[in-house]
4 protein chains.
Amino acid sequence: MQAPAGRPRRRRVEEKERRIIAAARAEFRRHGFDKARIAEIARRVGVAEGTVYLYFANKNALLLAVAAEIYDGLTREAAAGVEEIADTRGRLAFLARLHFRRLLREWRLLVMAMTPYKMADDYGSTEGYRLNRAYVRVFDLVIRDGVNRGEIRADLPLGVMRDMFYGGLEYAVRTHRLRPAGSDPDPMLDHFLGAFAAGIMARPAAAGAAREAEPVTRRLEEVAARLEAMLR
Amino acid sequence: MQAPAGRPRRRRVEEKERRIIAAARAEFRRHGFDKARIAEIARRVGVAEGTVYLYFANKNALLLAVAAEIYDGLTREAAAGVEEIADTRGRLAFLARLHFRRLLREWRLLVMAMTPYKMADDYGSTEGYRLNRAYVRVFDLVIRDGVNRGEIRADLPLGVMRDMFYGGLEYAVRTHRLRPAGSDPDPMLDHFLGAFAAGIMARPAAAGAAREAEPVTRRLEEVAARLEAMLR
Amino acid sequence: MQAPAGRPRRRRVEEKERRIIAAARAEFRRHGFDKARIAEIARRVGVAEGTVYLYFANKNALLLAVAAEIYDGLTREAAAGVEEIADTRGRLAFLARLHFRRLLREWRLLVMAMTPYKMADDYGSTEGYRLNRAYVRVFDLVIRDGVNRGEIRADLPLGVMRDMFYGGLEYAVRTHRLRPAGSDPDPMLDHFLGAFAAGIMARPAAAGAAREAEPVTRRLEEVAARLEAMLR
Amino acid sequence: MQAPAGRPRRRRVEEKERRIIAAARAEFRRHGFDKARIAEIARRVGVAEGTVYLYFANKNALLLAVAAEIYDGLTREAAAGVEEIADTRGRLAFLARLHFRRLLREWRLLVMAMTPYKMADDYGSTEGYRLNRAYVRVFDLVIRDGVNRGEIRADLPLGVMRDMFYGGLEYAVRTHRLRPAGSDPDPMLDHFLGAFAAGIMARPAAAGAAREAEPVTRRLEEVAARLEAMLR
DNA sequence: CATGAATGAGTATTCATTCAT
DNA sequence: GATGAATGAATACTCATTCAT
């Protein structure tokens, strides 16, 4: 009834791989790719340097594994969250917030993982590219679903929306990082989503007219507020 | 009786500085930052390596000077172009195309010039940041002007629009680079502008219902303007 | 009633040893000693790396086994060929051609097998040395036989002839390798043998004057032999 | 009257190059190529490691420089010695002794320098090959001169003689190294030269006969010496 | 202003060999 | 006998930057 020896050993191997990735993740986060030292990663895991190379061909492969782990997590969270939300707008809000938060919290690591390292010209054929595709597929599905439901404009190429969404979010994180620590990003995200939705959502006739009037009424309210202030 | 040597000497110095920057730009473009060699830059200019250090404190300063040159050009082109266009939408189209083209053509150099700052924790206090601010100020003016004209929603923070615009464009370039060489980016840019405008414009003169609402909102707008004038 | 397992098992073991040597030979030939990888040898044989070390103490021992195999083959061929040839000159011609061809064909492997010993200070106590001795013994026997028959000068130390023969041949191969591929080495080998024979043969039945001197020297030789016999 | 600054600096540079080569020579001799450490060479010269690379592109270039120095010395000595000797046989004896002694004294370094390093297949296009050619050219001239004087057989290709000469000598050194330290190599060298000369020298009728008798008379003299010893 | 020789820190990677199973 | 995961030593080379002239 002894379990075949292969199993536990195999499990130990997978366990070790995970620990190496975890250590690498910490090291990359702390020091960036170039200054991360394989020796330090090995030391943390408690193995010899050579052992790292039994699991990963080289430093780049290690970064890729870290990136894959991050992307996997992101993709899973994104997919799970989307499944629990019914309306397109809500789904986009969820994806935006998820992406924004993760990017903000692990800026250095994620930029490193997402920016094709060293601006490779062959990014398209990269493993990193495939990881990215898998992640944004969740976004794509949300959009396609929204188009089918008539909520999203059918005339816009998906790629344009995607670039505007994720590009805008990345820049938004960058901007947010310039603000004092602890600033609440939610109002900004609301605006972002508002603009993005306005850009891509189909306009049901009535709602459209109402929305067009929105800024004007808002300005009127501002004027009113000022008048009130004067009278007080 | 000594002729004022300062001028011509100064001119010679500036001339040499320009030549160093030009050589650096070529070298950075060809090899990227890390593999660019100061020695090669000096050789091209025809000076000793040490001489480069009389003009620039270090390699980073050299990259910064190159970036500054690029940004200056961009900023000038952007400002000049905007001045010749009357309507906001046309201005944005111009800025988008300009940015897209430059980024596409000098992707490596521009990403290089921007990436270190992306990851830096003190980006806000960076010279690179200041260069960037000067450049996007053109965009900001276009937007503010558009808001004043009532063409652009007044409720959206400028920063959100800016991030969506430039973030979206950067990602669009990245996407475009994955397509076969020579692909025409214009249709995509049109869609991008369409979506962006729809997101931020107060009245993309489009939807039928919206059009009917027009007289009403216009009258409201006029009322608001008069009230504002009174308050000022 | 247990069948004597030793035999077949032993046979299997020897079989595996042979296969390892064969794989090592191929690997060494292809990549040279330093770049030959034990792992690749094991893979080819279809055993684990550790298994190789059950048969050979280390990489050097493996090279030695390969060298031994080569030397054994050479030695056997040399001995067999010499046995079938009657005259000394013909025997030397055979040995020269055999050595030349083998060295030419397996230059890299054979130089590799010999070079470490070239430089080692303890070459004399080396296994490689013993292998070499066994091989050149065939040459030695030919020479001794030739001396006994009066065909070869008795005054020359055997070692001198041996060094000239094999040293000359090794350099001849080296020279031949510089010539265009496919060049015919035979004319060169004929000249080599001619010069070598002229150098060591007692009477290259050639020069006229030498023939006249023959009776005199023969008589002197006889006197010397008699005196020597007395002294012994 | 100040000497141009270029000179002494240039002289210092050449001086440093010499010192690096000398240190490398010592290091290579002691440890062989692979185990020689650039760091140690730099330390001995008293410069930084990087400085070594200002003078030599890499470790191989350094070995080549050492080899060149050795070859230059050998070539010069060989040429000078030959010039002072009139007869071909004497010249060959000189060259043989010179080569033998140098090879014996600096066996490791010279084998390293002479053996095309790592058995390169493109030895023919190697700088090492050119150095070697320059050296053996002295031998070639001696031979050609001997042929012109009628002392050396005109029917033998020069390459054959060269290979036999230097190949034989290399093997002779190897053999000699197996003998007890301090053994006198001269008798062996005499025999070597005797055999070599017999192999390549043209035989003037008379001299030929005398020469044939030589070994016999030598043996007679040995016998006489032993008889004398008995009578003493 | 200009030179250019000298500096020296800093690390990924390989692979023969071992030994617990 | 066989396995194969783990070990760990060992080092050439680059190039931005400096500073004596």
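This passage describes the protein surface around DNA strand F and two helices of chain D in a predicted model.

The surroundings of DNA strand F comprise 32 residues, of which A:Lys16, A:Thr51, B:Tyr53, C:Lys16 and C:Thr51 come nearest. Of the atoms of DNA strand F that come within 4 Å of the protein, 67% belong to sugar and phosphate. Individual polar pairs involve both the backbone and a base of the strand: a polar side-chain atom of A:Tyr55 lies 2.8 Å from a phosphate oxygen, and an N or O atom in the side chain of D:Tyr53 is 3.1 Å from a phosphate oxygen, whereas the side chain of D:Glu49 places an N or O atom 3.0 Å from a base nitrogen. The elements that contribute two or more residues to the surface near DNA strand F are helix 3 (49-55) of chain A, helix 3 (49-55) of chain B, helix 3 (49-55) of chain D, and, in chain C, both helix 1 (6-35) and helix 3 (49-55).

In chain D, helix 8 (residues 158-178) contains 21 residues, which at 1.5 Å a residue should span 30 Å, and the distance of 30 Å between its end C-alpha atoms agrees with this expectation. Helix 8 of chain D is largely enclosed by the rest of the structure, because 17 of its 21 residues are buried.

A nonpolar patch of about 340 Å² on the surface is formed by D:Leu227, D:Met230 and D:Leu231. Of these residues, D:Leu227 is located in helix 10 (residues 205-231) of chain D, and its relative accessible area of 31% makes D:Leu227 partly exposed. In an α-helix, residues three or four places apart point the same way, because there are 3.6 residues a turn.

Notes. Residues numbered from 1 in each chain as written. Chains lettered and ligands numbered in written order. Predicted model: local features only at pLDDT ≥ 70, side-chain atom pairs only at ≥ 80, totals over all residues. Heavy atoms only, no water. Patch = residues over 30% accessible without salt bridge, like charges linked within 9 Å, V, L, I, M, F, W, Y side chains within 5 Å. Areas by Shrake-Rupley, 256 points an atom, 1.4 Å probe, with all protein chains shown as cover. Salt bridge = Lys/Arg side-chain N within 4 Å of Asp/Glu carboxyl O. Helix = DSSP H or I, 4+ residues; strand = E, 2+ residues; numbered from the N terminus. Buried < 20%, exposed > 50% of the residue type's maximum accessible area, 1.4 Å probe, protein only. Expected span 1.5 Å × (residues − 1). Near = heavy atom within 4 Å. Polar contact = N/O pair within 3.5 Å; in protein donor to acceptor, adjacent residues only side chain to side chain.
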